[in-house]
Amino acid sequence: MHPTVNIAVRAARAAGDVVLRYHNQIDLLTIENKSENDFVSEVDKAAENAIINEIKKAFPEHSILGEETGEILGDSSYQWVIDPLDGTTNYLHGFPQYAISIALFEKKILTHGVVYDPFKEELFTASKGEGAYLNNERMRVTSTNGLQNTLIGTGFPFRHPQHLDCYLKTFKAIHPHVSGIRRAGSAALDLAYLAAGRLDGFWEIGLNSWDIAAGALLVKEAGGFIGDFSGRDQYLETGNVVAGNADVYKILLKTIHPHLTQELQR
């Protein structure tokens with residue numbers, strides 16, 4: 001494992017300790033609405049602080065972008081992008097599908113990523129050019145051709161209700177051709193599962209960079225493809241994501257594109 005990934009793993013485990021400490025005491029937490037259907041608790045904030053502390057110990061000069069803290073300025077050549085608890089809504093309902101996501105950009109190139117599920121003790125790691133791993137075992141995306149018999153992940157646009165009608169059209173276009181569609185509530189884990197071969201493809205509207213940065217590297221290093229709805233490498237900017245192995249990725253793009261609004265095609 002790359003030394004920088006070791007630091008990210010240490011930070012992820014520190015955040016995981018915070019998350020698990022409170023997972024049976026949800027009723028004692030103070031929960032705030034950041035925006036419609038977007039929640040935050042003191043666990044999110046404490047977990048993010050734990051991550052930042054570990055990163056700053058090792059790399060005090062690096063910049064950080066955190067979901068809760070915002071941007072911490074530093075050397076712009078190195079930026080960590082962190083989500084201390086992807087799947088907060090699941091966590092607050094005791095639904096055990098959530099993860100910590102940590103990624104590092106070096107000169108704007110995504111070089112390292114960690115997604116950690118503390119409840120299941122599953123650690124997904126990747127470094128650019130060095131492959132993707134689940135608990136130190138190499139991961140590969142599936143080799144499925146076409147959509148028949150595939151299991152596809154997705155996410156509903158709860159934070160972007162203006163896109164719901166468009167999303168439902170894409171869902172209806174994909175639904176007849178696959179074995180199943182799963183909405184588990186953590187995009188970071190969805191992409192990690194895709195990298196691990198547990199899903200064949202994935203699409204979602206309106207994600208944030210901290211939701212998907214680490215997962216995107218996992219997918220790429222596991223032999224998969226990820227892009228925005230026009231097939232470009234702009235998904236971190238647009239928040240619109242399609243991913244899969246080579247064949248599933250192309251078919252998903254072709255299937256959803258006729259149903260997208262002009263705004264989402266940009």
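Visitor: Which residue of strand 5 stands opposite Ile64?

Guide: In this predicted model, Ile64 has Trp80 of strand 5 opposite it.

Visitor: What makes strand 3 and strand 5 a pair?

Guide: DSSP has to find at least two bridges between two strands. Strand 3 (residues 62–66) and strand 5 (residues 75–86) are joined by 5 bridges in the parallel sense, so they qualify as a pair.

Visitor: And what makes strand 5 and strand 6 a pair?

Guide: The test is again at least two bridges. Here there are 7 bridges, and the two strands run antiparallel, so this pairing also counts. Trp80 takes part on this side too, with Leu104 as its bridge partner in strand 6.

Visitor: Why is Ile100 called buried?

Guide: Buried means under 20% relative accessible area. Ile100, which is found in strand 6 (residues 99–106), has 0% relative accessibility, so it counts as buried. Leaving aside neighbours within four places in sequence, Ile100 is in contact with several residues, including Ala12, Val19, Ile51, Pro84 and Tyr116.

Visitor: How do you know that Arg198 and Glu122 form a salt bridge?

Guide: The side-chain nitrogen of the Arg must be within 4 Å of a carboxyl oxygen of the Glu. For Arg198 and Glu122 the closest N and O atoms are 2.7 Å apart, so the pair passes.

Visitor: What does that pair tie together?

Guide: Arg198 lies in the loop between helix 5 (187–195) and strand 13 (201–204), while Glu122 is in strand 8 (residues 122–127), so the salt bridge connects parts that are 76 residues apart in sequence.

Visitor: Are these two residues buried, partly exposed or exposed, and what makes them so?

Guide: Under 20% is buried, over 50% is exposed, and partly exposed is in between. Arg198 is at 34%, so it counts as partly exposed, whereas Glu122 is at 14% and therefore buried.

Visitor: What makes Arg159 and Asp211 a salt bridge?

Guide: Their closest N and O atoms are 3.7 Å apart, and the limit is 4 Å, so the pair is accepted. Arg159 sits in the loop between strand 11 (151–154) and helix 4 (164–174), and Asp211 in helix 6 (residues 209–221), 52 residues apart. Asp211 is buried at 2%, while Arg159, at 28%, is partly exposed.

Visitor: How many salt bridges are there in the whole structure?

Guide: The search finds 6. One of them joins Arg232 and Asp228, at 3.0 Å from N to O. Arg232 is partly exposed at 36%, and Asp228 is buried at 1%.

Visitor: Why is Glu204 said to have no salt bridge?

Guide: The nearest side chain of opposite charge is Arg183, 5.4 Å away. A salt bridge needs a nitrogen and an oxygen within 4 Å, so this pair fails the test. Glu204 lies in strand 13 and is buried. Its contacts, not counting residues up to four places away in sequence, include Thr154, Phe156, Phe229 and Asn240.

Visitor: What makes strand 12 and strand 14 the edges of their sheet?

Guide: The sheet is open, with 5 strands in the order 12-11-13-15-14 and mixed pairing. Strand 12 (180–182) and strand 14 (225–227) each have a single partner strand, so one side of each is left without a neighbour in the sheet. The twist averages 15° from one strand to the next. Within this sheet, strand 11 and strand 13 run parallel and are joined by 3 bridges, and Gly153 stands opposite Phe202 in strand 13.

Visitor: Which helices lie on these strands?

Guide: Helix 4 lies across strand 11, strand 12 and strand 13, at about 160° to strand 13. Helix 8 (residues 246–256) packs on the sheet as well, touching strand 11, strand 13, strand 14 and strand 15 (241–244), and its direction makes about 145° with that of strand 15.

Visitor: How do you know that the buried residues of helix 8 share a side?

Guide: The buried residues are Val248, Tyr249, Leu252, Leu253, Thr255 and Ile256. They span an arc of only 165° around the axis, which puts them on the same side of helix 8. Their cover includes strand 11, helix 4, strand 13, strand 14 and strand 15. The face turned away from that buried side carries the exposed residues Lys250 and Lys254.

Conventions. Residues are numbered from 1 along each chain as its sequence is written. This is a predicted model: local features need pLDDT of at least 70, side-chain atom pairs count only at pLDDT 80 or more; totals for chains, interfaces and linings use all residues. Side-chain values use heavy atoms; hydrogens and water are left out. Helices (H or I, at least four residues) and strands (E, at least two) are DSSP runs, numbered from the N terminus. Buried means under 20% relative accessible area, exposed over 50%, partly exposed in between (1.4 Å probe, protein chains only). Axes are lines fitted to C-alpha atoms, for helices over the stretch in contact, and angles run from 0 to 180 degrees between N-to-C directions. Contact means heavy atoms within 4.5 Å. Lys and Arg count as positive and Asp and Glu as negative; His and the chain ends are not counted. The arc is that of the directions from the helix axis to the C-beta atoms.
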